[in-house]
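Open your viewer and get ready to click along. Could you tell me what to select at each stop? No need, the tour below will guide you.

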Amino acid sequence: MPTPLIVGNWKMNKTASEAVAFVQELEQQVRVPKGVEVVLAPPFTSLPAVRQALTGAQPFRLAAQDVHWEDRGAFTGEVAPPMLRDLGCDYVILGHSERRQHFGEEDEHVNRKVSAALRHQLLPILCLGETLEQRERNQTDEVVTRQLTRGLEGLGTTEVAKVTVAYEPVWAIGTGRAATLTQAEEVHGLLQGLLAKLAGEAGGHVRVLYGGSVTPDNAGELLGSRVIHGALVGGACLKADSFAKIVATAGS
Ligand code: PEP
């Protein structure tokens with residue numbers, strides 16, 4: 001069984017000074033259970049402050065919420081992989097549905113970002129998931145299959161093994177309507193089968209997280225599943241007490 005991973009995606013929330021105060025709250029309230037990995041993903045602007053504020057009391061690791069695929073150059077407003085490594089990031093969230101929906105990210109962009117991240121020792125968290133319309137048209141399998149295969153195109157098996165996949169049905173993100181265990185397990189099973197086909201044994205090492213309205217109330221059921229290897233948490237990670245409860249659940 002892979003190491004459970006809980007990722008808190010802060011999205012576009014908290015200034016650097018708010019982030020420092022929040023890290024102090026997190027260090028007081030969150031107890032990372034043995035054998036569980038916890039990653040904080042603040043906005044770019046708060047990464048240095050968060051890194052500095054972390055005392056090491058809890059083994060939190062850092063993620064960015066996006067990255068550009070080039071190492072440097074004339075890409076105004078973008079952030080390159082070496083810049084994130086330099087700030088102490090281990091992970092980077094890629095292909096989040098909000099980036100696909102509001103910023104025109106296509107599978108091809110996501111694929112370039114995944115490769116660039118790996119080239120710079122950043123571990124990609126590749127997000128994918130269907131919209132409500134796609135689910136209602138029975139296109140879920142086709143959509144997530146395409147997003148996974150295109151997202152990982154061109155990678156060798158050792159590289160695939162370093163990726164984490166996050167299944168995030170778009171209709172469940174920020175809506176308070178999480179997927180049922182059955183719905184999540186069906187897609188997780190499909191993704192794990194695809195990963196095994198794509199990368200053989202290495203594919204079996206890939207963690208598949210669930211994301212979409214995870215709360216302290218539903219985390220127990222979701223994280224209790226053998227095929228759900230952790231959670232990508234949005235709204236509920238912005239309050240130290242609810243994030244602490246979700247993290248504690250991952251260890252039980
Ligand atoms: C997310 O942003 O990845 C997410 C899952 O958000 P929420 O938990 O708020 O649905």
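This tour visits the ligand and then some cysteines, in a model that is predicted.

**Stop 1: the ligand and its surroundings.** Select the ligand and show the residues around it. There are 14 of them, and those that come nearest are Lys11, Glu168, Gly174, Ser213 and Gly234. Try colouring this shell by class: you should find eight polar, four nonpolar and two charged residues.

**Stop 2: polar partners.** Now pick Lys11. An N or O atom in the side chain of Lys11 sits 2.6 Å from an oxygen atom of the ligand. Move on to Glu168, where a side-chain N or O atom is 2.7 Å from a ligand oxygen. Next comes Ser213: here a polar backbone atom lies 2.7 Å from an oxygen of the ligand. How much of the ligand does the protein bury? Taken alone, the ligand exposes 290 Å², and the protein buries 96% of that.

**Stop 3: the cysteines.** How many disulfides does the structure hold? The count is zero. To see why for Cys89, select its sulfur: the closest cysteine sulfur, in Cys127, is 15 Å away, too far for a bond, since a disulfide needs two cysteine sulfur atoms within 2.5 Å. Then select Cys237, whose sulfur is 13 Å from its closest cysteine sulfur, also in Cys127, and that is too far for a bond.

**Last stop: buried or exposed?** Switch on the protein surface and look for Cys89 and Cys237. Cys89 is buried, with a relative accessible area of 0%. Cys237 counts as buried at 1% relative accessibility.

Notes:
Residues numbered from 1 in each chain as written. Predicted model: local features only at pLDDT ≥ 70, side-chain atom pairs only at ≥ 80, totals over all residues. Heavy atoms only, no water. Buried < 20%, exposed > 50% of the residue type's maximum accessible area, 1.4 Å probe, protein only. Near = heavy atom within 4 Å. Polar contact = N/O pair within 3.5 Å; in protein donor to acceptor, adjacent residues only side chain to side chain. Areas by Shrake-Rupley, 256 points an atom, 1.4 Å probe, with all protein chains shown as cover. Nonpolar A, V, L, I, M, F, W, Y, C, P; charged D, E, K, R; others polar.
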